[in-house]
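This report concerns one protein chain. Please look through the sequence and the model before reading on.

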Amino acid sequence: MDKEQLEKIIKKYNKFGNRYEPYDEEKGRYYSDMAEYIEDNLDRYLDELYETEEDVIFDVKEVFDASDYMLDIMFDRDEDFKDDDDGIGSFLS
């Protein structure tokens with residue numbers, strides 16, 4: 001991908017984030033975070049490995065999923081973040 005294509009994707013996902021922000025804050029934040037991640041890692045996506053928008057978005061989702069998984073392990077969270085044990089997850093919820 002080239003820089004111009006990536007800037008269009010960033011703009012598109014920022015727009016999605018702003019559209020959902022007042023109604024579904026979590027979804028809006030997710031789209032804004034995606035745009036921010038692409039912008040912060042522009043060099044990564046300028047590689048010819050990423051040919052389409054779908055390739056870039058798939059990679060960003062993979063990174064976010066891996067990050068969520070690591071947080072689950074680190075904080076011993078269950079699916080709804082309401083632990084019954086004395087771990088840090090129960091303290092944070």
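The text below treats the overall architecture, the salt bridges and a charged surface patch in turn.

**Overall architecture**

The structure is a predicted model. The protein chain contains 5 helices and 0 strands, and its elements follow the order α-α-α-α-α from the N terminus. Of the 93 residues in the chain, 25% are buried. Among contacts with a separation of 6 or more, 40% are accounted for by residues 24 or more positions apart. The accessible surface of the chain amounts to about 6900 Å², and carbon and sulfur atoms hold 48% of that surface.

**Salt bridges**

The chain has 4 salt bridges. The table presents three pairs, including the N to O distance of each.

| Pair | N to O distance |
|---|---|
| Lys-12 and Glu-53 | 2.9 Å |
| Arg-29 and Asp-33 | 2.7 Å |
| Glu-36 and Arg-29 | 3.6 Å |

The salt bridge of Lys-12 with Glu-53 has its closest N and O atoms 2.9 Å apart. This pair links distant parts of the chain: Lys-12 belongs to helix α1 and Glu-53 to helix α4 (residues 53-75), with their positions 41 residues apart. Lys-12 has 34% relative accessibility and therefore counts as partly exposed. Glu-53 is also assigned to the partly exposed class, because its relative accessibility is 22% and the buried class requires a value under 20%.

The bridge between Arg-29 and Asp-33 has another setting. Both residues lie in helix α2, 4 residues apart, which is about one turn of the helix. Arg-29 has a relative accessible area of 40%, so this residue is partly exposed. Asp-33, at 27% relative accessibility, is likewise partly exposed. Arg-29 also meets the side chain of Glu-36 in a salt bridge, and Glu-36 counts as partly exposed because its relative accessibility is 39%. Through shared partners, the salt bridges join Arg-29, Asp-33 and Glu-36 into one network.

**A negative surface patch**

Which residues form the negative surface patch? They are Asp-2, Glu-4, Glu-7, Glu-39 and Asp-40. The helices α1 (3-20) and α2 (25-40) each give two or more residues to this patch. Asp-2, by contrast, is placed in the segment before α1. With 39% relative accessibility, Asp-2 counts as partly exposed, because that class lies between the limits of 20% and 50%.

In summary, helix α1 contains Lys-12, the partner of Glu-53 in helix α4, and helix α1 also contributes to the negative patch. Helix α2 holds both Arg-29 and Asp-33 and contributes to the negative patch as well.

How values were computed: Residues numbered from 1 in each chain as written. Predicted model: local features only at pLDDT ≥ 70, side-chain atom pairs only at ≥ 80, totals over all residues. Heavy atoms only, no water. Buried < 20%, exposed > 50% of the residue type's maximum accessible area, 1.4 Å probe, protein only. Contact = heavy atoms within 4.5 Å. Areas by Shrake-Rupley, 256 points an atom, 1.4 Å probe, with all protein chains shown as cover. Patch = residues over 30% accessible without salt bridge, like charges linked within 9 Å, V, L, I, M, F, W, Y side chains within 5 Å. Lys, Arg positive; Asp, Glu negative; His and termini not counted. Charge placed at Lys NZ, Arg CZ, Asp CG, Glu CD.
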